[in-house]
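Me: I'd like to walk through this structure with you, one question at a time. Could we begin with the strands and work outwards from there?

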Amino acid sequence: SSRITGCANVSVVMNNIPALLNHLDANRESPTLSLAYASISDEGIVEVSKFLRDNPFVKYLDLRGNNIQAKGAMALANGIKINRSLRSLNLKWNAIGKDPSGMQALCDVLKSNLTIGHVDLRNNRINNVGAKYLGEMLTANTTITHLDLSWNDLGADGGLALLEGLKHNSTVLDCQLSGSKVGEETMHEVAFLLRRNKASAAYKASPNSTGAQMAAADPKTAALGKAVSAPGRGNQAPAAETEEEAPPAEEQPLKKGPQAKANWTPKDSSTLMLRLMMKEREQVLPEDKLFYQQIAEHIDKLLLETSKHKQGRVDGEEREKLSTTGFLEREQRYIKEIRQAEEALQRVISEKEFSQKELAAKTVSLNQLNDQSTSEVRESVVSQEKSAAEEQQLRKELRELQVEKKTLQDKLALNVKDLELLEQENERLRQHVKSFQRDVNEILA
């Protein structure tokens, strides 16, 4: 499967074109452009395409999970067509294969591309029509080494179309087809062709090794090696032609016995796979075919481990070289950095002392203000207590006045009532006097 080396797995959501343009501008000189799960629209893919056309630095492009369809794929293809720096293209979790025109545009560009080695097209709804375009692309392409088509609906017909393209391809070393429904027989054929390509790559890498000479001396394996290097000729070359092309044993003497074993290298093991694959083809019984397949797979694993160990050794030597070279330079740089750090430390100490003095002065001022505030608060409390006492006294006097007022009002009411009674009595007496005067007048008359 395709791996984007050194790519930070960052999910940046580009809700609008200005945000996307800002992100592209910020990564203009970066070897990695990650726009995974960024919800990029078709207009956004057009901007990414323009970015690819004009950018000589980007090597790893990650556009997974953006629901890119045919229109976006065609726009992206225009950018890839001009770009000469891209090494890895990650397009998984999109919908490029929903409309075959998208796959057609992308495959047409990849046919002549000379830089991209890793292509990831997992989960892209690619059907048998898209597989046909992929097969045609593999026939012409000479740079892709890793192709991932897992979880696409290729079907049996799509698997056959893809197989036909791989038969004429000598560079693809890894082709993932998990969940693509191509059929078990097609999977075995693809595995055979990938082992052929790996063996051919090792053969070309060291043609003068002991294993390569042994393979070249055998007409069958020599024929397979020639067939791999000629894409248009299929898996096998005609017997007469291979006999003419195979060099005579006298011209390339083979070493035998202990000396041959002593000179045997890990790369020689990969050339032996050429002979194993021919043996596998010759077998009739399924169990015999399976036996040779298992041997070839085991050798594949051994070669992979060997390459990992070699890479680890190279990395270790490089690290050791980096750690031992330029020691004086690093020492001078460290001394300069230490001096700069000391100067910065002195400045910080001076600033600290000044800040401490300023803090002490402000602390004294603060204490004075606190004392003044405390005195004012105390006076305010005394004033409030005094006001409260006066208020209580006034309230008490007011209550007493209210009681006295009520008493006077009651007395006044009694006096008014007595006055009314006296007036009534006076009126009665006046009436009595008038009556008595009348009676006296009557008697005297």
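Me: Happy to have it in view. Which residue of β3 does Tyr-60 stand opposite?

Reply: Keep in mind that this is a predicted model. Strand β2 covers residues 60-62 and strand β3 covers residues 88-90, and the two run parallel, joined by 3 bridges. Within that pairing, the residue of β3 opposite Tyr-60 is Ser-88.

Me: Which strands sit at the edges of the sheet?

Reply: The sheet is open and made of 6 strands with parallel pairing, in the order β1-β2-β3-β4-β5-β6. Averaged over neighbours and ignoring direction, the strands are turned by 0 degrees against each other. The strands that pair on one side only are the edges: β1 (32-34) and β6 (174-176).

Me: How many helices go along with those strands?

Reply: The protein has 445 residues, and 33% of them count as buried. Of contacts between residues at least 6 apart in sequence, 81% link residues at least 24 apart. Besides its 6 strands, the protein contains 14 helices.

Me: Which element gives the largest share of the largest nonpolar core?

Reply: In general, nonpolar side chains of soluble globular proteins tend to be buried together. Here the largest nonpolar core holds 55 residues, and those touching the most other members include Leu-35, Leu-76 and Leu-121. Elements giving two or more residues to this core are α1 (17-26), α2 (42-54), α3 (70-82), α4 (100-111), α5 (128-140), α6 (155-167) and α7 (184-205). The largest share, 6 residues, comes from α4.

Me: What does Leu-121 touch, leaving out residues up to four places away in sequence?

Reply: Leu-121 is one of the core residues that touch the most other members, so it helps to recall what a contact is: heavy atoms within 4.5 Å. With residues up to four places away not counted, the partners of Leu-121 are Leu-91, Ile-96, Met-103, Leu-106, Ile-126, Leu-134, Asp-148, Leu-149 and Asn-152.

Me: How far apart are the end C-alpha atoms of α3, and what do its buried residues pack against?

Reply: With 13 residues at 1.5 Å a residue, α3 should span 18 Å, and the 19 Å between its end C-alpha atoms agrees with that. Its buried residues are Ala-70, Gly-72, Ala-73, Ala-75, Leu-76, Ala-77, Gly-79 and Ile-80. An α-helix has 3.6 residues a turn, so residues three or four places apart point the same way. To give both values you asked for: the ends of α3 are 19 Å apart, and its buried residues pack against α2, β2, β3 and α4.

Me: What span should the 12 residues of α4 have, and which helices are among its cover?

Reply: In α4, Gly-102, Met-103, Ala-105, Leu-106, Cys-107, Val-109 and Leu-110 are buried. At 1.5 Å a residue the 12 residues should span 16 Å, and the end C-alpha atoms are 16 Å apart, which agrees. So the expected span is 16 Å, and the cover over the buried residues includes α3 and α5.

Me: What covers the buried residues of α5?

Reply: α5 has 13 residues and reaches 19 Å from first C-alpha to last, close to the 18 Å expected. Its buried residues are Gly-130, Ala-131, Tyr-133, Leu-134, Gly-135, Met-137 and Leu-138. Their cover includes α4, β5 (146-148) and α6.

Me: What is the phi of Asn-123, and where does this residue lie?

Reply: Most residues other than glycine have a negative phi. Asn-123 is partly exposed, with a relative accessible area of 23%. Ser-39, in the loop between β1 and α2, is not a glycine yet has a positive phi of about 55 degrees. Asn-123 lies in the loop between β4 (118-120) and α5, and its phi is positive, about 50 degrees.

Me: One last one: how many Å separate the C-alpha atoms of Lys-198 and Asp-300?

Reply: Lys-198 is found in helix α7 and counts as partly exposed because its relative accessibility is 35%, between the 20% and 50% limits. Leaving aside neighbours within four places in sequence, Lys-198 is in contact with Leu-173 and Asp-300. Although Lys-198 and Asp-300 are 102 residues apart along the chain, their C-alpha atoms are separated by 8.4 Å.

Terms used
Residues are numbered from 1 along each chain as its sequence is written. This is a predicted model: local features need pLDDT of at least 70, side-chain atom pairs count only at pLDDT 80 or more; totals for chains, interfaces and linings use all residues. Side-chain values use heavy atoms; hydrogens and water are left out. A nonpolar core is a set of buried Ala, Val, Leu, Ile, Met, Phe, Trp, Tyr and Cys residues joined through side-chain atoms within 4.5 Å. Buried means under 20% relative accessible area, exposed over 50%, partly exposed in between (1.4 Å probe, protein chains only). Helices (H or I, at least four residues) and strands (E, at least two) are DSSP runs, numbered from the N terminus. Two strands pair if DSSP finds at least two bridges between them. Axes are lines fitted to C-alpha atoms, for helices over the stretch in contact, and angles run from 0 to 180 degrees between N-to-C directions. The expected span of a helix is 1.5 Å times one less than its number of residues.
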